[in-house]
Structures are given as C-alpha cells and as structure tokens.
Amino acid sequence: MSGRGSYRSLTFMRLIFQDLASRRTRTGLTAVAVAISVMAIVTLSLVTKSLERSAAAVLQMGNADFIVAQKGAPDILSSVVTDTQVVGVSKTAGVQSAVGALIDTFRLDAAHPQFLQIGLAPGELAPFGVKIVAGRAYGATATNEIMLGWQAAQDIHKSVGDSLKVGATSYRIVGLYSLAQVSGDTASMFPLIPLQASEHKPGTVTLVAVQVRAGASIDQVRKRIAEANPNLATVRLASEFGRVDRNLEFLKAAQSGATIIALLIGIIIVMNSMLLSLIERMREFGVLRALGWSRRRLVSLVIGEAVGISVIGAALGVGLAVLLTFSLEHGSSLQGYLQPQYSGWTFGMALYSAIGIGVVASLYPSLRAGMLRPGDALRKE
Amino acid sequence: MQEPILQAVAVRKAFGPDVVALDRVDLTVVRGEWLAVSGTSGAGKSTLLQLFAALDHPTSGRILYRGQDLASMGDLDHYRRRVVGVVFQLHHLLPHLSVRDNIEIAMMGRHLSRRDRVARVSELVAAVGLEAQQIRRPPELSGGERQRAAIARALANSPEVLLADEPTGSLDPENVTRLLGLLETLNRESRTTIVMVTHDRDVAERAGRLIHIDAGRIVEVEGAAS
C-alpha cells in the first residue's frame with residue numbers, strides 16, 4: 001500500500017489463496033499427494049499412448065486399406081499367417097492385392113534396441129508402396145542383401161554399398177527406399193524367403209496388407225475374409241488394433257485400472273486433509289456464517305481451496321511425470337522403445353484429473369461446512 | 001414513538017436436558033436504544049445475544065425482528081449480514097487476514113463494487129482509529145486494537161443493531177473509555193441500536209437501560225427504553 005485508495009479489494013480468489021498460504025505445510029503436502037496421483041496418471045498414459053502409437057504404425061505401412069493378422073495374437077509381431085492363408089485372402093472377391101509381410105525387430109546397437117525389419121518379396125515391393133530412392137531392390141533369394149529406409153540410413157550414417165552387421169551376419173546395403181511413413185522409413189527391408197529362413201518362420205508372414213478393388217466395399221471384403229478365415233482378424237483403425245495385439249489391450253486395461261486407483265488415492269488424501277481442515281476451522285466457518293455468508297458461498301470456499309490445492313498438484317505432477325517419463329525413455333531397459341509425445345491433451349488431462357480430484361474430494365467436507373449451524377460452530381474449541 | 005426492533009417472547013433455550021440457559025425470557029429492544037445486559041457468568045447473557053443474532057434457535061418461544069418471527073424468515077443470511085452486526089467476546093478475527101480484509105470479508109456477497117468496498121473499509125478503519133494498523137494481522141495487534149477491528153467488521157454493512165458480547169472484557173481502562181466513546185457516537189449519530197452484554201457495572205451504566213439476568217431469567221430492569 002502507498003496511501004489511501006490504493007488498497008486491494010479482497011476477492012474470492014485472493015481469499016482462497018490466503019487461506020491456502022496460511023497453511024503452507026498442509027497445502028504443500030496435500031498438493032504433493034495430488035501430484036503423485038497426477039504423475040502416475042500422466043506417465044501411464046504417455047507410456048501407453050507411445051506403445052499404442054508404435055504398434056499402430058504397422059497399420060500405416062503397406063499402402064493398404066486394411067491389414068489381416070492372427071486373431072488374438074499376444075502382440076502384432078507374434079502374429080502368424082500362413083502362405084496358404086495369404087493366397088486365400090488374395091483370392092477373396094473384391095481384393096486388388098494382398099501382400100504378405102514378415103515383420104520383426106532386431107538389436108542393431110544400444111541406440112536402436114528394436115530396429116524394425118520387414119521381409120517382402122521383391123515382386124511385392126511396389127504393391128506394398130515401396131519406392132526405391134537409391135540403388136536397387138534386393139534379389140529374391142539373396143541371403144546377404146538388405147535395403148534401408150532412407151531415414152534409417154541417415155540416422156545410422158549408411159549408404160548404398162556399405163555393409164551392415166545384423167547379429168553374426170554381414171549384409172550389403174543394395175538400396176534405399178521410401179514408404180512415405182516414418183515407421184517404415186526408419187526400418188530395414190529383407191527379401192522374404194531368406195528372412196523367413198533366418199527367423200525360423202518358413203512359409204509364414206506376420207500380416208497381410210490388403211488393397212481393395214475400386215468400387216468394392218471395404219467392409220464387405222473384410223467380412224468375407226473374416227468368414228473364410230476364423231482365426232484371422234482384419235484391422236482398419238488404430239482403435240481395432242487390440243484384436244491382433246492382446247498385450248496392448250492388457251496394457252490399456254492396466255492403465256485404466258491404475259488411473260482409477262491413482263484418482264481414488266488422490267481423492268482420499270485430499271478429502272482427509274479437507275476434513276481435518278474443517279475440524280480445525282470450525283469456529284472460522286461459524287464466524288463467516290455469523291457475518292452473513294451463505295451456505296453456498298462457504299461450500300464454494302471449501303471447494304475452491306481444494307481445487308486450488310489440486311491445481312498446484314497438477315503443475316507439480318506434470319513436472320514429475322515429464323521427469324519420470326524422461327528417465328524411462330532413457331533408462332537402459334526401455335531405451336528406444338518409448339517415444340512419448342507431449343501435447344495439450346497431456347497437460348489438459350493432468351489439469352482435469354487434478355480438478356476432478358479436488359472437486360470430488362471436497363464435496364463431503366464442503367457440504368459439512370455448509371451445514372454447520374453458526375452457534376454450534378462458534379462454541380467449538 | 002418507541003418502535004420495537006427486536007423482541008424475545010417467552011424464550012427458552014436449553015442445551016440438553018440439564019442445562020437451561022434462558023427460561024421464559026420476555027424482552028423488547030426498541031430502535032435506537034442502548035441496552036446493557038449484565039449478569040454473572042453462565043447467566044444466559046451470551047445465549048440471548050446469540051439468539052438475537054440468529055446464530056441459534058430458541059428451544060421454545062420466539063425471536064422477532066420488527067414483529068416477524070426469525071424462525072419463519074426465509075433468508076437468515078440476509079438478516080445476519082444486514083440487520084445485525086456482532087462483536088464477539090473473543091473478537092474472532094481471522095488471524096491470517098489483515099485488519100482491512102477482516103472487515104471486508106463481512107461485505108462479500110453484497111452487490112457492492114470493489115471500489116465501494118475499499119472505500120467503506122477505509123471509512124471504518126478511520127472511524128475506529130486503526131489507520132496505522134490496517135494492513136497488520138490480528139496477532140500483531142493489541143487487545144484493544146483487535147476489539148476495535150472487530151467492531152469495524154460488525155459495522156461493515158451498516159447494521160440496524162449492534163450486538164456486542166462483553167466487548168470491553170479484555171481491555172485496559174484507556175481502551176474501555178475509547179471503545180465506549182465509539183459506541184456512544186454510533187448510537188447517538190447514526191441511531192444504531194446497541195445491545196451490549198457486560199458484567200462491568202461502570203460500563204453498563206453508560207447504556208440507557210440495563211437488564212440483569214440471573215439463572216436464565218431477567219430479574220431486574222433499570223431505566224426505560226428510549
């Protein structure tokens with residue numbers, strides 16, 4: 001203040017802030033509890049979304065209208081589709097092309113523990129959407145030829161003519177390709193038959209990329225394939241991916257369960273804190289009621305304080321989640337697996353979770369505060 | 001003409017089966033008077049004040065404001081905010097708020113602009129002589145300063161009736177004189193009705209009328225309502 005007339009008015013927000021600031025320790029500890037809940041929710045979500053994105057990226061490869069894979073496979077890379085089934089799919093009415101691809105990963109180096117390898121017959125490269133941007137395609141039975149996605153080549157500083165060691169085998173890079181899609185362009189490509197042999201998966205592929213003839217109904221074609229092949233599933237959207245990747249479904253279910261637990265823990269801790277605060281401040285609330293504060297205003301004050309604590313918790317929680325995710329991303333066990341993407345949704349979810357915790361947790365304490373009779377409250381010691 | 005503003009009609013207030021704080025009390029407070037209520041500790045003085053302040057309900061009987069029963073009044077919040085202002089014996093200021101904020105908090109919920117609220121607080125702070133202490137918090141104030149801050153808060157909404165529960169109980173003689181002067185000015189100049197509980201005979205004599213309560217009953221009345 002500097003003189004008469006320069007004083008600030010007491011706003012409802014400032015009152016909430018001052019109430020919280022006057023109980024710093026309790027506010028801080030409760031906010032930390034909310035932060036831990038928010039951290040758990042945000043980190044689990046980031047990890048799940050990252051893994052879901054990685055898995056669903058397979059959908060975008062192959063220039064396909066949809067993919068066909070083994071129904072209920074533990075994960076997409078464990079899917080087994082036989083050559084016979086590929087032929088059957090290709091002969092289904094309405095199918096333009098059906099390209100069988102063997103997909104797996106290998107450890108290239110510490111920075112690339114899950115380097116994607118795609119096995120395709122040279123004749124299937126064009127239908128799969130592969131464009132050779134340098135060099136040539138590998139031979140159909142060449143056991144030591146490999147193509148690299150152009151982004152992968154840049155990343156590991158390789159070009160046509162260089163050699164690349166995969167396990168004990170040394171391969172010669174004969175060409176660079178583009179699939180116009182990040183997951184494909186950061187992968188490697190092998191001739192199908194030699195890859196089936198080296199992976200001990202003769203006569204099988206992981207999935208079939210299906211293109212539908214112009215004018216044919218995609219849904220009708222999918223239906224025909226599903227009816228003819230009961231152990232296969234068709235996937236068109238990322239949301240359908242769980243049909244061929246049970247682990248992803250389990251992960252999402254675990255995420256949902258853990259999110260509910262984290263929310264409940266946050267709610268219980270904040271509610272406990274607000275109830276203790278209510279008991280301590282009984283007389284204060286009685287005074288406010290004696291001054292003519294309505295029940296609604298008192299309820300709003302208690303809810304406002306809980307939401308204030310929760311917003312502080314949300315900010316802390318997001319910070320902790322970023323730190324935890326960073327450590328998971330760069331930790332030895334998950335390095336290269338996890339590629340979290342932070343977005344407004346991430347921070348919005350943290351804020352909504354925290355506000356949800358605050359509002360739900362403060363409902364009972366705030367109603368109790370609102371129901372206090374001023375005379376009774378003022379008599380409390 | 002004497003206009004009743006508050007009335008207690010056959011009021012009984014009991015706390016449980018054994019404790020009767022007030023028993024068949026009939027009392028009329030007229031507009032503009034200064035009424036002192038005296039009695040020993042536990043006689044029922046503060047209970048009467050709480051009933052007039054609508055902080056409690058009588059066990060039986062009625063409390064009337066301008067003839068209307070408080071029990072049938074829909075909006076007691078409005079009554080507490082605009083009709084009565086309460087000065088508690090232990091001031092009950094909020095310790096984490098400044099003197100200014102403690103006064104302004106009583107005005108929250110009224111349709112007043114921030115500027116008007118700030119101006120009203122400044123006016124009250126000057127009236128109770130706390131200009132130098134207005135941004136201090138209650139723990140930084142003396143007992144007299146706290147009581148004056150509590151009076152300013154009670155007057156924030158210009159109530160018709162000031163209900164003061166032993167406002168001089170913890171004050172030294174100098175502060176008692178100052179406080180009584182303030183109440184006298186208020187009663188004389190703005191015709192604010194004052195009901196003041198006190199056990200101090202000297203303080204009680206400053207009022208226009210004195211009633212004495214013993215064991216929950218009015219046993220003596222000195223002076224007449226003016």
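**View 1. Packing of helices H2 and H10 in chain A.** In this predicted model, helix H2 (residues 24-60) of chain A packs against helix H10 (residues 295-330) of chain A, the axes lying 6 Å apart and enclosing an angle of about 45 degrees. That angle makes H2(A) oblique to H10(A), and the crossing of the two helices is right-handed. Sorted by class, the residues in the contact of H2(A) with H10(A) comprise 18 nonpolar and seven polar ones, with no charged residues.

**View 2. Pairing of strands S1 and S12 in chain A.** Strand S1 (residues 66-70) of chain A and S12(A) run antiparallel and are joined by four bridges, with A:Val68 standing opposite A:Thr234 in S12(A). Along strand S12 (residues 232-235) of chain A, A:Leu232 and A:Thr234 point one way, whereas A:Ala233 and A:Val235 point the other way, and all of these residues are buried.

**View 3. The hairpin of S1 and S2 in chain B.** Strand S1 (residues 4-15) of chain B runs antiparallel to strand S2 (residues 19-30) of chain B, and eight bridges join the two. Among the facing residues, B:Ala14 stands opposite B:Val20 in S2(B), while the bridge partner of B:Phe15 in S2(B) is B:Val19. Three residues lie between the strands of this hairpin, in which B:Gly16 takes a positive phi near 75 degrees.

**View 4. Positive phi values within S1 and S2 of chain B.** B:Ala10, which is found in strand S1 of chain B, has a positive phi of about 50 degrees although it is not a glycine; its relative accessibility of 35% places B:Ala10 among partly exposed residues. B:Arg24, which lies in strand S2 of chain B, is likewise a residue other than glycine with a positive phi, here near 50 degrees, and B:Arg24 is exposed, with a relative accessible area of 54%.

**View 5. The four-stranded open sheet of chain B.** The strands of this open sheet follow the order S2-S1-S4-S5 (chain B), and their pairing is antiparallel. S2 and strand S5 (68-69) of chain B are the edge strands, each of which pairs on one side only.

**View 6. The six-stranded open sheet of chain B and two helices that accompany it.** Mixed pairing characterises this open sheet, whose six strands are arranged in the order S6-S7-S8-S3-S9-S10 (chain B). Strand S6 (84-87) and strand S10 (217-222) of chain B stand at the edges with a single partner strand each, so one side of each has no neighbour in the sheet. On average, and with direction ignored, neighbouring strands of this sheet are turned by 20 degrees against each other. Helix H2 (residues 76-83) of chain B packs on the sheet, where it touches S6 and strand S7 (161-165) of chain B, and its direction makes about 70 degrees with that of S6(B). Helix H5 (residues 143-154) of chain B lies across S6 and S7 of chain B and runs at about 165 degrees to S6(B).

**View 7. Strand S3 of chain B and the surroundings of B:Ser38.** S3(B) runs parallel to strand S8 (residues 193-197) of chain B, to which four bridges join it, and B:Ala36 stands opposite B:Met196 in S8(B). B:Ser38 is found in strand S3 (residues 34-39) of chain B and counts as buried because its relative accessibility is 7%, below the 20% under which a residue is called buried. Leaving aside residues up to four places away in sequence, B:Ser38 touches B:Lys45, B:Thr198, B:Leu210, B:Ile211, B:His212 and B:Ile213.

Terms used. Residues are numbered from 1 along each chain as its sequence is written. Chains are lettered from A and ligands numbered from 1 in the order in which they are written. This is a predicted model: local features need pLDDT of at least 70, side-chain atom pairs count only at pLDDT 80 or more; totals for chains, interfaces and linings use all residues. Side-chain values use heavy atoms; hydrogens and water are left out. Buried means under 20% relative accessible area, exposed over 50%, partly exposed in between (1.4 Å probe, protein chains only). Contact means heavy atoms within 4.5 Å. Axes are lines fitted to C-alpha atoms, for helices over the stretch in contact, and angles run from 0 to 180 degrees between N-to-C directions. Angles under 35 degrees count as roughly parallel, over 145 as roughly antiparallel, 65 to 115 as roughly perpendicular and the rest as oblique. A crossing is left-handed if the near helix is turned anticlockwise from the far one by less than a right angle, and right-handed if clockwise. Ala, Val, Leu, Ile, Met, Phe, Trp, Tyr, Cys and Pro count as nonpolar, Asp, Glu, Lys and Arg as charged, and the others, Gly among them, as polar. Two strands pair if DSSP finds at least two bridges between them.
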